[in-house]
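Got the model open in your viewer? Let's walk through it one selection at a time.

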Amino acid sequence: MMKHLSDGTNIFLSGFMGTGKSTIGRLLADKLECSFMDLDDYVEKKEGKSIPDIFEESGEKGFRDLEKQVLLEVCKEFEGVVALGGGSLQNQHLVDHLKLNGILVFLKTPFPIILDRICKDVNRPLLLDEEGNPKDREKLRRELKLLYEKRLPLYEQAPIILKTGGDKTPEEEVEILINKIRNHVA
Ligand SMILES: Nc1ncnc2c1ncn2[C@@H]1O[C@H](COP(=O)(O)OP(=O)(O)OP(=O)(O)O)[C@@H](O)[C@H]1O
Ligand SMILES: O=C(O)C1=C[C@@H](O)[C@@H](O)[C@H](O)C1
Ligand SMILES: [Mg+2]
């Protein structure tokens, strides 16, 4: 029964950096016994380059164009759980497209928790300055808060919203998500 929860359609996990898309996505796919794709990992494998290297060589615009092109291909060819990149919901057109091609989920995490989580990771180019050094924490907080607020209206169009970053384990969060998906498809 689990296996057919999403009825052959994709489940797209969206949300800001550090909200748990990759962690929850992998566990969800295991539970549903379906395939899992991490879009960031897939883009890196396809290009044979890390995301920071793609940003450096092609700029943010180059990365966004590539991410969008890969995501449109994934919609056509992949079936399973997809952990999106933090910036994958680039515009209204893409949000509409994902909603037509699967179940869109927003992982909603309080901003201070996001900041705490992502500050520990240097593999995110948006957190680095032009010389590749980590941005000053206060400057980073201000920039990311603005970016988060700009993206919220797109994320919030997901029919399923899962609150993450509280005191629940990833496994507990996945159980809650499965119930939400079950209610959504019923
Ligand atoms: N429920 C949880 N409790 C505690 N830590 C968690 C939980 N879920 C995720 N984390 C931790 O938060 C961090 C960010 O999670 P993850 O990498 O899955 O986020 P992401 O949304 O995929 O980020 P990105 O957009 O940058 O790819 C990781 O260190 C992960 O272990
Ligand atoms: O929020 C973002 O814009 C990003 C999030 C990551 O998942 C990566 O896709 C990349 O680092 C950009
Ligand atoms: Mg991730």
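Start by selecting β1 (residues 10-14) and strand β3 (residues 80-83): the two pair in the parallel sense, over three bridges. Keep in mind as you click around that this is a predicted model. Show Phe12 as sticks and look across to β3, where Val82 stands opposite.

Now stay on β1 and turn to the other neighbour. Five bridges join β1 to β4, and again the strands run parallel. Phe12 is a handy landmark here too, since its bridge partner in β4 is Leu104. Next, show all the side chains of β1. Asn10, Phe12 and Ser14 point one way, Ile11 and Leu13 point the other way, and all are buried. That makes five of five residues buried in this strand.

Zoom out to the whole sheet. You should be able to trace an open sheet of five strands in the order β2-β3-β1-β4-β5, with parallel pairing. Which strands stand at the edges? They are β2 (35-38) and β5; each has a single partner strand, so one side of each is left without a neighbour in the sheet. Look along the sheet and you can follow the twist, which averages 20° from one strand to the next.

Go to the β2 edge. Here β2 and β3 pair in the parallel sense over four bridges. Select Ser35 and you will find Gly80 of β3 opposite. While you are there, bring up α1, which packs on the sheet and touches β1, β2, β3 and β4. The direction of α1 makes about 170° with that of β2.

Ser22 is worth a stop, and it lies in this helix, α1 (residues 21-32). UniProt lists Ser22 under "binding site", in an unreviewed entry. Is Ser22 buried, exposed or partly exposed? With a relative accessible area of 30%, Ser22 counts as partly exposed. Leaving out residues up to four places away in sequence, Ser22 touches Phe36, Asp38 and Ala83.

Now swing over to the opposite edge and select β5 (residues 160-163). Its side chains alternate: Ile160 and Leu162 point to one face and are buried, while Ile161 and Lys163 point to the other and are not. Four bridges join β5 to strand β4 (residues 102-108), and the two run parallel. To see a facing pair, pick Lys108, which stands opposite Lys163.

Next, select helix α6 (residues 137-155). Colour its buried residues: Leu140, Leu144, Tyr148, Arg151, Leu152, Leu154 and Tyr155. What covers them? Among the elements doing so are β1, α3, α4 (92-100), β4 and α5 (111-118).

Last stop: helix α2 (residues 39-47) and helix α3 (residues 51-77). Their axes come within 10 Å and cross at roughly 110°, so α2 and α3 are roughly perpendicular to each other. To see the contact, show Leu39, Asp40, Tyr42, Val43, Glu44, Lys46 and Glu47 on the α2 side. On the α3 side, show the residues they meet, including Ile51, Pro52, Phe63, Leu66, Val70 and Val74. How do the residues of this contact divide by type? Eleven are nonpolar, none polar and six charged.

Key
Residues numbered from 1 in each chain as written. Chains lettered and ligands numbered in written order. Predicted model: local features only at pLDDT ≥ 70, side-chain atom pairs only at ≥ 80, totals over all residues. Heavy atoms only, no water. Buried < 20%, exposed > 50% of the residue type's maximum accessible area, 1.4 Å probe, protein only. Pairing = 2+ DSSP bridges. Axes fitted to C-alpha atoms, helices over the stretch in contact; angles between N-to-C directions. Parallel < 35°, antiparallel > 145°, perpendicular 65-115°, else oblique. Contact = heavy atoms within 4.5 Å. Nonpolar A, V, L, I, M, F, W, Y, C, P; charged D, E, K, R; others polar. UniProt positions renumbered as here; feature names shortened; annotations may be inferred.
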